[in-house]
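This report describes one protein model for a reader who has not met it before. The sequence and structure come first, and the text follows.

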Amino acid sequence: MTTPDPLVTPQITQARNPLHGVKLEGIITALVDCYGWEGLGVRIPVRCFTHDPSMGSSLKFLRKTPWAREKVEGLYLFMLRDVRRSQTTGTHT
């Protein structure tokens, strides 16, 4: 009996991770498309979203600030669930 290769096992567990393979820029773009910069700043009140927001400043800040990136990723996951839910019920919020 052979043991599983530790380099292959993470790929199996990552298959169900909706963040796997999604770049931070893609996450921010999707959130801005959904909520707009103003709505994003209301949901996550950090300066890079509330004062002269741009993709560059947001990426720079989020790459250096783990707690803010976790909030952004959490909102992205919430948005994905909300979109999926609205597609299955036929309503859109």
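## Contacts and layout

Once neighbours within four places in sequence are set aside, Ala30 is in contact with Tyr76 and Met79. Ala30 belongs to helix 2. Its C-alpha atom is separated by 7.8 Å from that of Tyr76, although the two residues are 46 residues apart along the chain. With a relative accessible area of 23%, Ala30 is partly exposed, because the partly exposed class runs from 20% to 50%.

The model is predicted. Over the protein chain the pLDDT averages 86, and 82% of the residues score at least 70. Confidence is lowest in helix 1, with a mean of 58, and highest in helix 4, with a mean of 97.

The protein chain has five helices and zero strands. Read from the N terminus, the order of elements is α-α-α-α-α. Of the 93 residues in the protein chain, 26% are buried. Among contacts with a separation of 6 or more, 54% join residues 24 or more positions apart.

## How the helices pack

Which residues of helix 5 meet helix 2? They are Arg69, Val72, Glu73, Leu75, Tyr76, Phe78 and Met79. On the helix 2 side, the residues are Leu24, Ile27, Ala30, Leu31, Cys34, Tyr35, Leu40 and Arg43. The contact of Ala30 with Tyr76 and Met79 belongs to this pairing of helix 2 and helix 5. The axes of these two helices are 10 Å apart, and the packing angle is about 95 degrees. Helix 2 and helix 5 are therefore roughly perpendicular to each other.

Helix 2 also packs against helix 4. Their axes come within 11 Å and cross at roughly 125 degrees. That angle makes helix 2 oblique to helix 4, because angles from 65 to 115 degrees count as roughly perpendicular and those over 145 as roughly antiparallel. The crossing in which helix 2 passes helix 4 is right-handed. From helix 2, the residues taking part are Leu24, Glu25, Ile28, Thr29 and Trp37. They meet Met55, Ser58, Leu59, Leu62 and Arg63 in helix 4. Leu24 is listed in the pairing with helix 4 and also in the pairing with helix 5.

Helix 4 and helix 5, the latter made of residues 66-89, have axes that come within 5 Å and cross at roughly 115 degrees. This makes helix 4 roughly perpendicular to helix 5. Phe61, Leu62 and Lys64 in helix 4 meet Pro66, Trp67, Ala68, Arg69 and Val72 in helix 5. Leu62 of helix 4 appears here and in the pairing with helix 2. Arg69 and Val72 of helix 5 meet helix 4, and both are listed against helix 2 as well.

## Selected residues

Thr29 lies in helix 2. The C-alpha atoms of Thr29 and Met55 are separated by 8.1 Å, with their positions 26 residues apart along the chain. Thr29 and Met55 are both listed where helix 2 meets helix 4.

Pro18 sits in the loop between helix 1 (9-14) and helix 2 (24-43). Not counting residues up to four places away in sequence, Pro18 touches Tyr76, Leu77 and Leu80. The C-alpha atoms of Pro18 and Leu77 are separated by 7.5 Å, while the residues are 59 residues apart along the chain. Tyr76 is thus a contact of Pro18 and also of Ala30.

Where is Asp52 placed? Asp52 is in the loop between helix 3 (47-50) and helix 4 (55-64). Phi of Asp52 is near 50 degrees, a positive value in a residue other than glycine. Most residues other than glycine have a negative phi.

The table gives the accessibility of some residues.

| Residue | Relative accessibility | Class |
|---|---|---|
| Pro18 | 38% | partly exposed |
| Thr29 | 33% | partly exposed |
| Cys34 | 41% | partly exposed |
| Cys48 | 10% | buried |
| Asp52 | 72% | exposed |

Asp52 counts as exposed at 72%, because exposed means over 50% relative accessible area. Cys48, at 10%, is buried, because buried means under 20%. Cys34 is partly exposed, and it is one of the helix 2 residues listed against helix 5. The structure holds zero disulfides.

How values were computed. Residues are numbered from 1 along each chain as its sequence is written. This is a predicted model: local features need pLDDT of at least 70, side-chain atom pairs count only at pLDDT 80 or more; totals for chains, interfaces and linings use all residues. Side-chain values use heavy atoms; hydrogens and water are left out. Helices (H or I, at least four residues) and strands (E, at least two) are DSSP runs, numbered from the N terminus. Buried means under 20% relative accessible area, exposed over 50%, partly exposed in between (1.4 Å probe, protein chains only). Contact means heavy atoms within 4.5 Å. A disulfide is a pair of cysteine sulfur atoms within 2.5 Å. pLDDT is the predictor's confidence in each residue, from 0 to 100. Axes are lines fitted to C-alpha atoms, for helices over the stretch in contact, and angles run from 0 to 180 degrees between N-to-C directions. Angles under 35 degrees count as roughly parallel, over 145 as roughly antiparallel, 65 to 115 as roughly perpendicular and the rest as oblique. A crossing is left-handed if the near helix is turned anticlockwise from the far one by less than a right angle, and right-handed if clockwise.
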